[in-house]
Each structure stands twice: as C-alpha cells, then as structure tokens.
Protein chains: 2
Amino acid sequence: MSETSRVRVYLGCSLDGCIAGPDNDLSFLMEQAPEPDGEPGPDAGLGFAEFLEQVGALLMGRNTYEVPLKYDAWHYGDRPVLVATHRELPPAPQGGTAWAVQGDIVQLIAQAKEAAGDKDVYLDGGDLVRQALDAGLVDAICLTFLPLILGRGIRLWEGLQSRTDLEFDPPVVHGGRMVQVTARVKRRG
Amino acid sequence: MSETSRVRVYLGCSLDGCIAGPDNDLSFLMEQAPEPDGEPGPDAGLGFAEFLEQVGALLMGRNTYEVPLKYDAWHYGDRPVLVATHRELPPAPQGGTAWAVQGDIVQLIAQAKEAAGDKDVYLDGGDLVRQALDAGLVDAICLTFLPLILGRGIRLWEGLQSRTDLEFDPPVVHGGRMVQVTARVKRRG
C-alpha cells in the first residue's frame, strides 16, 4: 500500500445530482452518452481512459457492480475490482477480476489501497462515496454533469452528514454537451 | 409583458446542491464570498451585476426576501421585487421596492413578467424555483458552485418532480475558487 495512493470518485450525474433514476433506471445516462453498441459505458470522451490509467484498483458496491454485468461489459481491464458485499459474487465478464470484500469503510478502503499498489483507488457507487466522504477518506472527486435536471431519482448526496472542503480545477466541457467539474479535497490544518 | 422576457434562476450552492445549511444557516455562503462589510451579498465577482442589468423584476419567496432585511442590505436597485406571501411585508431597505403577491406559480410568474416589462425575471428561492421547474416555466439557470460539499442542509433539488432538459454554456471559474455553470432550458419540439 502506497502513501501516495489517492481515493478518487468519478461519476456522471444530472445537474440535480441524480446518479440514477427511480428504481436504479440508468436510461438518462445511456441516452446522453451512448456507445456504438448502445451500452452505457463510462468512456464517452470524458477523459475516462486517462483517469483509468492512474487507477490500480476499484472499490464499489454490489448494485454498481451489477450494472456492467447486465450488458456483459467490463471497462476496467485487468484491474482488480473489490465489491463490498456479503453475498456470493457473479464472476466479472470478459476475463475481468472481481472479488467480494467486507468491513467498514475504513477497512474497505485499506483493502482497496493494498490492491491498488502505488496507483489510485477508483471509488464508485453512491453509498460507498457518501460513507467515504463522511469518513474523510476521499481525496478527489470528478463529476460529469449531464445536460438535464432529472427531477426524481437517486441523489448522490442524499443522506450525507459531513462537510468536505474542496479546491476546484478549471471546469471543462465534453462533447459540447456535458460539464465536468473536478475537485481536490482540502485537508484542514 | 414581453414575449421575450425570460425567467432566470441565479443561485449559489455547495457542490451537493445546498442553498442553505440546516435551519437556513447561510454562513457557508458568507465565508466563501464575503463582502468588505461582512454582508452576504451576491455580487462577489460572479457576474451578478451583468446579470442584474438584464433583469426587470424579481420574484422570490418570503424566506428569501427576509435574508437581505437582516443585513439592511438591498442588491436590486429600483427593480420591483415581488414576494410570494400571504402575510404583511416589511418594507424593502434602502428605498427598494417590494410588494406581496399571491397565486399559483403560473400566476406569480405572469405577474413578475408584467412587472419586468421587456427585461427578464430573476426567480429566487428554492421553493419557487422547484415549482417553476416542475411547471416548465424556467428559461435559464445559473448555478455558482462554492468549493465545498456541505453535507447537511437545504437542497435546491429536494422534492423536485419533473425532468428538465438543458443546454450548458461553457462553465467558468470565478475568483479562482468557484465554478459557475449556466444552462438554458431546452424546449421539446
């Protein structure tokens, strides 16, 4: 485990902070960033490939893990994907590597950093992101705002308890339609 | 009332969409964009003056109206401010003009457009913004994200019911610290 390994969040959401619609419906993501095969992949010119190059391991919740399984898709290459779950895990598609992990958020992130070596941890999924923010364990966050206000849906921030101070990088437009906001977490003296 | 008068939202919020902390606490706004007199004015290099030049009238809720009153501040010059309230209205400070209006959101916005003449309506306050979004009555929205995730607070989007499709303008950084995202509402054919 490297001391320089950072915990990074990389998420797409509506301007009102929805990472999914009601009942985990992701159709608003798919219509905004479709891939040629109609699959809701994260790499739609959003710098995901560059981001992923710095990632040594992923940590995600069970629901997040199951999204690519539905499409027999896998965007993470041979990077280990740690899935927080107490249930048996379906194997990752396309020769990917995934294993189940358990523990509180501190233990989960320690395991992910161990797996990431000297690279970063890509933390994904609303529940784990909120837990890690509340525990002060997130180092950087990249939000890609899709050009809509969804209204009803699953909000990334709902249930968050703690304040996190940030420093923004200059925002960018992607594909002429989306706005990407990147921030580093500011540590207090 | 002009056909070209637009309804525009101009708000500051945390990255997690809080327009106030618990109990309407605005200290996180004040600490981010303080004015020399310590007053939480909206004009902190955020293009507010340029925005206001295009505004003919304001429409806001009672709680929003009472914020500047606490500081004996008034940022709206001689523009009429319509306040949605059934109670008696304290006079606007500094010679400002404010009057009480009643009705549903359609009626309120019609009154504000009437007052705005050929200029725009500045719609302010979480409740009215949500009602106007749900009714399809907002034309443009400008959010200035302050560099923090507040955690607990009053979220702009909470309770929203309807989807609104947007087109983003290029985002900008203000004061090296804040990110401003401007969007026009996309009307469906």
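1. Let's start with one pair of residues: B:Ala140 stands opposite B:Arg184, which belongs to strand 12 of chain B. Strands here are DSSP runs of E with at least two residues, numbered from the N terminus. Strand 7 (residues 140–146) of chain B pairs with strand 12 of chain B in the antiparallel sense, over six bridges. Two strands count as paired if DSSP finds at least two bridges between them.

2. Before going on, a word on the model: it is predicted, with local features needing pLDDT of at least 70 and side-chain atom pairs counting only at pLDDT 80 or more, while totals for chains, interfaces and linings use all residues. Residues are numbered from 1 along each chain as its sequence is written, and chains are lettered from A and ligands numbered from 1 in the order in which they are written.

3. Strand 12 of chain B has further partners to look at. Strand 10 of chain B pairs with strand 12 in the antiparallel sense over three bridges, and B:Leu166 has B:Val185 as its bridge partner there. Strand 11 (residues 172–174) of chain B is also antiparallel to strand 12, again over three bridges, with B:Val172 opposite B:Gln180. In the hairpin of strands 11 and 12 of chain B, three residues lie between the strands, and B:Gly175 takes a positive phi near 60°.

4. How many residues does each chain bring to the contact? Chain B gives 28 residues and chain A gives 28 residues, where two residues are in contact if their C-beta atoms, placed from the backbone, lie within 7 Å. On the side of chain B that touches chain A, strand 10 of chain B gives the largest share, five residues.

5. The two chains also share strand pairing. Strand 10 (residues 164–168) of chain A is joined to strand 8 of chain B by two bridges, and these strands run antiparallel. Within this region, A:Asp165 stands opposite B:Leu148.

6. Now for the symmetry. A rotation of 180° with 0.0 Å of shift along its axis superposes chain B on chain A, with an RMSD of 0.0 Å; the fit is by least squares on the C-alpha atoms of residues with pLDDT of at least 70 in both copies. That is the relation of a two-fold axis. In chain B, the C-alpha nearest the axis belongs to B:Pro171, 3.1 Å from it. The copies meet through the same surface, because 100% of the interface residues of chain B are also interface residues in chain A.

How values were computed:
Helix = DSSP H or I, 4+ residues; strand = E, 2+ residues; numbered from the N terminus.
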